[in-house]
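I sat down with this one to look for empty space inside, greasy spots on the surface and odd backbone geometry. My notes are below, in the order I looked things up.

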Amino acid sequence: MQPMENLALTTLLLPFIGALVVSLSPQRHAAKLGTLFASLTTICLISLEAAFYQSGKSAVTLPLAQVGDVALFGLVIDKVSSLVLFVVVFLGLLVTIYSTGYLTDKNREHPHQGSNRYYAFLLVFIGAMSGLVLSSTILGQLLFFEITGGCSWALIGYYQSDKAQRSAIKALLMTHVGSLGLYIAAATLFLHTGTFALAALSDIHGDARYLVYGGILFAAWGKSAQLPLQAWLPDAMEAPTPISAYLHAASMVKVGVYIYARAILDGGNIPIEIGMIGLVMALATIIYGFMMYLPQQDMKRLLAWSTITQLGWMFFGLSLSIFGSPLAFIGSIAYLVNHAFAKSLFFLIAGSLSFSCGTRMLPKLRGVLRILPLAGIGFCVAALAITGVPPFNGFFSKYPLFAAGFALSSIYPALLIAMILLLIESVASFGWFIYWFGRVVPGKPSDEVAHASPLPFSMRLVLIVLIVMSLISSVIAAVWLQ
């Protein structure tokens with residue numbers, strides 16, 4: 001086994017080992033051990049990325065388990081998987097560090113010391129996301145798909161309240177309904193090619209293509225909270241805010257986007273009808289999600305509906321690529337990366353406000369910049385980034401999708417209407433977030449903000465890193481994908 005493959009396997013396994021160690025350790029060591037193993041995983045990741053870059057970024061496939069000629073499990077390291085792996089592992093580290101400050105008795109909304117269970121499940125999730133991103137087989141994707149669902153259930157219900165438990169079950173059931181599509185896709189792929197390797201998608205022909213790609217798209221809708229399987233995500237905000245940032249904005253909800261992108265990348269003969277369905281449902285989700293986040297006053301629920309909308313943009317771009325636009329595919333992957341950092345920042349700003357002020361209800365927050373300047377700056381950066389204002393990373397995600405969509409509209413005139421609707425949504429979204437920025441950040445502090453407690457160093461450090469990443473992640477994605 002070559003060094004690069006060793007590093008990939010170590011990056012995948014270390015979080016699972018860490019979860020076992022954390023679960024067996026005294027609670028007073030849980031946060032430190034969780035951070036240690038997240039850090040070690042990130043070091044392995046950096047070494048893997050360096051080795052991949054030095055190899056000329058040539059794609060490598062590592063078989064792990066097979067029966068005869070049937071590939072069951074394996075790893076693939078290429079430009080897309082390595083870039084998304086960087087996102088899920090690095091953000092996992094940042095969220096773990098942030099959690100060490102957030103999950104303490106000083107938290108005014110949820111005074112609570114982080115337990116072994118929290119850090120163990122967080123590490124398992126980092127490992128499961130790594131495994132899913134690196135999987136070279138649909139069976140591997142399915143295995144880690146289900147593990148992420150189990151971790152999400154455990155962490156949404158972490159505070160053990162009745163509402164949290166109901167929300168956790170709802171998320172588990174709805175995403176599991178989506179996973180049925182992946183089961184159908186896996187079975188169909190095996191019956192027609194004799195293997196579970198994603199590379200065999202290009203060998204599928206005829207009506208079987210609709211079952212495979214339709215099943216993958218349905219599973220992707222479930223995991224990424226797209227219509228008609230979107231209802232679980234806003235309720236998942238019962239989870240601790242660092243979990244909302246990582247699982248439900250940056251990583252787990254990106255699973256659907258990633259498996260759809262992976263099918264497009266490895267397939268090559270996707271029916272146009274799948275692209276049409278993807279476009280229509282993505283556009284419907286974007287419009288519906290936007291309408292739903294307008295009345296929200298709980299900052300986390302607003303961000304949840306906004307996330308559903310932003311994920312719709314990624315599905316729209318990937319569906320455009322089926323019509324023959326490489327720019328749309330690259331733009332969608334960049335969107336995945338950039339949104340992960342910007343929306344994580346926004347969620348962790350919400351967590352910082354609830355930690356310091358005891359509330360995340362937007363009407364109760366005013367004058368944040370004066371009392372908590374870093375949170376105020378982060379709010380502004382995150383709002384500008386996710387709405388696509390230059391020079392922040394969101395602009396460099398939306399612009400390629402607009403360019404690809406308007407270019408294809410000369411061939412498919414109906415696309416012009418869709419692009420105009422997306423342009424209106426983008427401008428309106430900018431206006432709505434700026435409205436809340438004006439209500440929350442400047443001005444005389446409200447009582448809740450005036451009596452805010454200071455943020456711990458670990459939380460401030462993570463916010464600073466994410467503010468920087470909201471400026472430079474688009475450059476990283478562009479350089480890596482070229």
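These entries cover cavities first, then a surface patch, then the backbone.

**Entry 1: before starting**

I am working from a predicted model. Everything I note here is computed from that model.

**Entry 2: cavities**

I began with the empty space inside. Rolling a probe the size of a water molecule over the atoms shows where empty space is left. I looked for cavities of 30 Å³ or more, and the structure holds two.

I took the largest cavity to start with, and its volume comes to about 50 Å³. I wrote down its lining: Q310, Y335, N338, H339, A342, A385, I386, N393, G394, S397 and K398. Three elements give two or more residues each to that lining, namely α13 (326-357), α15 (373-386) and α16 (395-408). I asked myself which of the elements gives the most to the lining of the largest cavity. That is α13, with four residues. Sorting the lining by class, I got four nonpolar residues, six polar and one charged.

Then I went to the second largest cavity, which has about 40 Å³ of space. Its lining is made up of M299, L302, L303, F346, L362, F379, F433 and W436. Here α12 (299-322) and α17 (414-440) are the elements that give two or more residues. The most comes from α12, with three residues. How does this lining divide by class? I found eight nonpolar residues, no polar ones and no charged ones.

**Entry 3: a nonpolar patch on the surface**

Next I turned to the outside. I found a nonpolar surface patch of about 720 Å². I287, M291, F406, L416, I417, I420, L421 and I424 make it. Both α11 (272-293) and α17 supply at least two residues of this patch. I noted that α17 gives the most, with five residues. So α17 turns up twice in my notes, once in the lining of the second largest cavity and once in the nonpolar patch.

I picked M291 from the patch for a closer look, and I found this residue in helix α11. Is M291 buried or exposed? M291 has a relative accessible area of 54%, and the cut-off for exposed is over 50%, so I put M291 down as exposed.

**Entry 4: cis peptide bonds**

On to the backbone. Most residues other than glycine have a negative phi, and most peptide bonds are trans. I therefore kept an eye out for exceptions to both of these habits.

A cis peptide bond joins L227 and P228, with omega at about 5°. I placed P228 in the loop between α7 (208-223) and α8 (232-235). The peptide bond from P390 to P391 is cis too, and I read omega near 10° there. P391 sits in the loop between α15 and α16. I had met α15 and α16 already, in the lining of the largest cavity.

**Entry 5: positive phi**

K57 is not a glycine, yet its phi is positive, at about 55°. I traced K57 to the loop between α2 (30-54) and β1 (60-67). Is K57 buried or exposed? Its relative accessibility is 15%, and buried means under 20%, so K57 counts as buried.

Q160 is not a glycine either, and its phi is positive at about 70°. I found Q160 in the loop between α5 (138-156) and α6 (162-193). With a relative accessible area of 48%, Q160 goes down in my notes as partly exposed.

Key: Residues are numbered from 1 along each chain as its sequence is written. This is a predicted model: local features need pLDDT of at least 70, side-chain atom pairs count only at pLDDT 80 or more; totals for chains, interfaces and linings use all residues. Side-chain values use heavy atoms; hydrogens and water are left out. On a 1 Å grid over the protein atoms alone, a cavity is a set of points where a 1.4 Å probe fits but cannot get out, and a pocket is an open set with protein on both sides within 12 Å along at least five of seven lines; lining residues have an atom within 4 Å of a point. Grid points are joined across faces, edges and corners, and a volume is the space filled by probe spheres set on the points. Ala, Val, Leu, Ile, Met, Phe, Trp, Tyr, Cys and Pro count as nonpolar, Asp, Glu, Lys and Arg as charged, and the others, Gly among them, as polar. Patches are made of residues with over 30% relative accessible area and no salt bridge: like charges are joined within 9 Å, nonpolar side chains (Val, Leu, Ile, Met, Phe, Trp, Tyr) within 5 Å. Accessible areas come from the Shrake-Rupley method with a 1.4 Å probe; for residues, only the protein chains shown count as cover. A salt bridge is a side-chain nitrogen of Lys or Arg within 4 Å of a carboxyl oxygen of Asp or Glu. Buried means under 20% relative accessible area, exposed over 50%, partly exposed in between (1.4 Å probe, protein chains only).
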